[in-house]
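This report covers salt bridges, one helix and the nonpolar cores of a single model.

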Amino acid sequence: MKIRSVSVRGESHQRLEDFFIFSFSDGRLKVAVGDWANNLVGGPYSYPEVAYHLGEKADTLLGGGVIGSILARETIRKSELSGLDLIYQLNKRIRRAYEDLGLTDYYDNRALTFTGYLVHLLVDSEQIKVTAVGDVRIACDGIIIAGRTKRIDDYHSQMRKEYIKRTGDHEGAYHHIRPSIIRQYRFQNTPGNEFSYPAIDGTETLPREEIEILSMPTPKRILVWSDGFITPDDYSIAGLENKLKECYEKDPHRYKDYPAVGYLRDDKTALEIVLDNFEKLEVSN
């Protein structure tokens with residue numbers, strides 16, 4: 001078994017808000033890639049437990065995306081759960097952070113939440129169990145099996161595209177759509193609207209039918225990647241990197257062939273896994 005990883009902090013972030021983990025024991029592989037959102041409302045916060053994991057001083061001020069990412073990562077490290085049980089456990093841990101920080105109105109003002117998306121895998125020689133929430137994607141043997149773009153993201157990328165085409169203002173485009181991005185949180189974990197979407201944020205993850213939970217025979221190759229990358233032509237880390245290079249060569253401001261919510265390069269994380277045996281694990285970067 002071979003695993004290769006890549007994880008790069010986005011240009012607009014002080015700290016990486018993506019994470020990946022993997023562990024291999026007794027013939028079973030556990031893998032997760034998470035992508036937490038940069039807090040646009042609230043904070044920064046002092047949370048000593050997270051600062052400790054970052055090797056920072058206890059009173060270091062941190063954004064909610066960083067806090068949510070580290071709490072999710074460490075919860076998964078210790079957990080043997082998957083599916084809805086894992087999602088419940090993650091939401092419970094993030095909710096406890098709100099209590100520790102004295103955040104009481106996050107339910108009514110979800111822009112305050114520490115919001116994240118996830119692909120989690122349990123793999124043995126016979127089958128793979130997948131739990132996926134949001135737009136972290138997984139491909140098995142060259143076929144995407146989980147991960148979905150939010151409709152509200154498509155709406156905002158179109159909104160940004162139209163603004164740039166009308167004004168030519170690449171630099172100000174994100175600031176133009178930012179108020180609408182903040183307003184989108186009223187659709188988060190709130191079913192009943194065309195823009196509703198599930199997330200891991202300390203509340204109940206809804207609509208449940210958009211949580212992707214599945215089992216399938218163990219493939220030969222797996223690729224998991226966060227939305228800082230673009231869906232590649234070749235399902236490998238090299239394929240992801242080549243596609244992103246092509247994107248910025250053809251559309252450097254990300255509003256033509258590859259429209260995006262923001263043109264700055266985002267956090268990006270990927271794991272490439274070759275399941276050629278379950279006797280040992282080889283790791284490379």
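Is Lys280 buried, exposed or partly exposed? Lys280 counts as partly exposed because its relative accessibility is 48%; buried means under 20% relative accessible area, exposed over 50%, and partly exposed in between (1.4 Å probe, protein chains only).

The model is predicted, so local features need pLDDT of at least 70 and side-chain atom pairs count only at pLDDT 80 or more, while totals for chains, interfaces and linings use all residues. Residues are numbered from 1 along each chain as its sequence is written, and side-chain values use heavy atoms, leaving out hydrogens and water.

A search of the whole structure finds 14 salt bridges, each a side-chain nitrogen of Lys or Arg within 4 Å of a carboxyl oxygen of Asp or Glu. The table includes some of them.

| Pair | Closest N to O |
|---|---|
| Arg73 and Glu74 | 2.7 Å |
| Glu272 and Arg221 | 2.9 Å |
| Lys280 and Glu282 | 3.6 Å |

Arg73 and Glu74 are buried. Glu272 is buried at 13% relative accessibility, whereas Arg221 is partly exposed at 38%. Glu282 is partly exposed, at 36%.

Helix H2 (residues 64–78) is a DSSP run (H or I, at least four residues), numbered from the N terminus. Of its 15 residues, 13 are buried, so H2 is largely enclosed by the rest of the structure.

The largest nonpolar core (buried Ala, Val, Leu, Ile, Met, Phe, Trp, Tyr and Cys joined through side-chain atoms within 4.5 Å) has 29 residues. Leu29 and Ile128 are among those with the most contacts inside this core. Apart from it lies another core, of 27 residues, including Ile67 and Leu90.

Definitions and conventions:
Helix = DSSP H or I, 4+ residues; strand = E, 2+ residues; numbered from the N terminus.
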